[in-house]
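Good morning, everyone, and thank you for making the time. Please keep the picture on the screen in view while I talk, and stop me if you lose the thread.

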Amino acid sequence: MKYKVDKYIPMPRFHSPFVEALYKLKVGESIGNLTRKQVYKHRQNFYRPDFAPRKFRFRQEDNRRWRIWRVE
């Protein structure tokens, strides 16, 4: 049986679409309408080596939903 070998196919960096969106945020952009559970679930991603030069803040908004901002 023969197999075709593919070269130079990039491996996905992240498993979650939400983490991919976090990675693509630019300074001043944010993701909103999150629950507290969602924010704290993804909080550990802020400390990954891929996110080392980025800084994030998260706060509760008036409507009891949460928002994550990229600040640096």
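F56 has R70 of β3 as its bridge partner, and I begin with that pair, keeping in mind throughout that what we are looking at is a predicted model. Staying with β3, F58 has I68 as its bridge partner, while R59 is partnered with R67. Taken over the whole pairing, β2 and strand β3, which covers residues 66-70, run antiparallel to each other and are joined by five bridges. The two strands form a hairpin with five residues between them, and in that turn R64 has a positive phi of about 65°.

How do the strands of the sheet follow one another, and what is their order? The sheet is an open one of three strands, arranged as β1-β3-β2, and the pairing is antiparallel. The edge strands are β1 and β2, since each of them pairs on one side only. If we ignore direction, neighbouring strands of this sheet are turned against each other by 15° on average. As general background for those of you who are new to this, the strands of a sheet pair through backbone hydrogen bonds, and they may do so in a parallel or an antiparallel way.

On the other side of β3 we come to β1, and here the two strands pair in the antiparallel sense over three bridges. One residue to look for is I31, whose bridge partner in β3 is I68. You will remember that I68 is also the bridge partner of F58.

β3 itself has two faces, and I would ask you to keep them apart in your mind: W66, I68 and R70 are on the covered face, whereas R67 and W69 are on the uncovered one.

Let me now turn to S30, which is found in strand β1, a strand made of residues 30-34. Is S30 buried or exposed? It is partly exposed, because its relative accessible area is 28%, and the limits for that class are 20% and 50%. Leaving aside residues up to four places away in sequence, S30 touches L25, R67, I68 and W69. With R67 there is also a polar contact, from side chain to side chain, at 2.8 Å. S30 and E61 are 31 residues apart in sequence, and their C-alpha atoms are 12 Å apart in space.

In the same way we can look at L34, which also has its place in strand β1. L34 is buried, because its relative accessible area is 6%, and buried means under 20%. Its contacts, again without residues up to four places away in sequence, are F18, V39, R65, W66 and I68. L34 and P53 are 19 residues apart in sequence and 24 Å apart in space, from C-alpha to C-alpha.

The next element is helix α1, residues 17-24, which lies across β1, β2 and β3 and runs at about 145° to β1. At its N-terminal end the helix is capped by S16, with a side-chain oxygen 3.1 Å from the backbone nitrogen of F18. Which residues of α1 are buried? They are F18, V19 and L22. Seen down the axis of α1, these buried residues fall within an arc of 95°, and so they line one face of the helix. The face turned away from that buried side carries the exposed residues P17 and K24. What covers the buried residues of α1 includes β1, α2, β2 and β3.

This brings us to the largest nonpolar core, which has 14 residues, and in which L22, L34, F56 and I68 are those with the most contacts inside it. The elements giving two or more residues to this core are α1, β1, β2 and β3, and α1 gives the most, with three residues. In soluble globular proteins, speaking generally, nonpolar side chains tend to be buried together.

Finally, let us leave the helix and the sheet for a loop, the one between α2 (36-42) and β2 (56-60), where N45 has its place. N45 counts as buried because its relative accessibility is 8%. Not counting residues up to four places away in sequence, N45 touches V19 and F51, and V19, as we saw, is one of the buried residues of α1.

Methods. Residues numbered from 1 in each chain as written. Predicted model: local features only at pLDDT ≥ 70, side-chain atom pairs only at ≥ 80, totals over all residues. Heavy atoms only, no water. Helix = DSSP H or I, 4+ residues; strand = E, 2+ residues; numbered from the N terminus. Buried < 20%, exposed > 50% of the residue type's maximum accessible area, 1.4 Å probe, protein only. Contact = heavy atoms within 4.5 Å. Polar contact = N/O pair within 3.5 Å; in protein donor to acceptor, adjacent residues only side chain to side chain. Pairing = 2+ DSSP bridges. Axes fitted to C-alpha atoms, helices over the stretch in contact; angles between N-to-C directions. Core = buried A, V, L, I, M, F, W, Y, C linked by side-chain atoms within 4.5 Å. Arc of directions from axis to C-beta.
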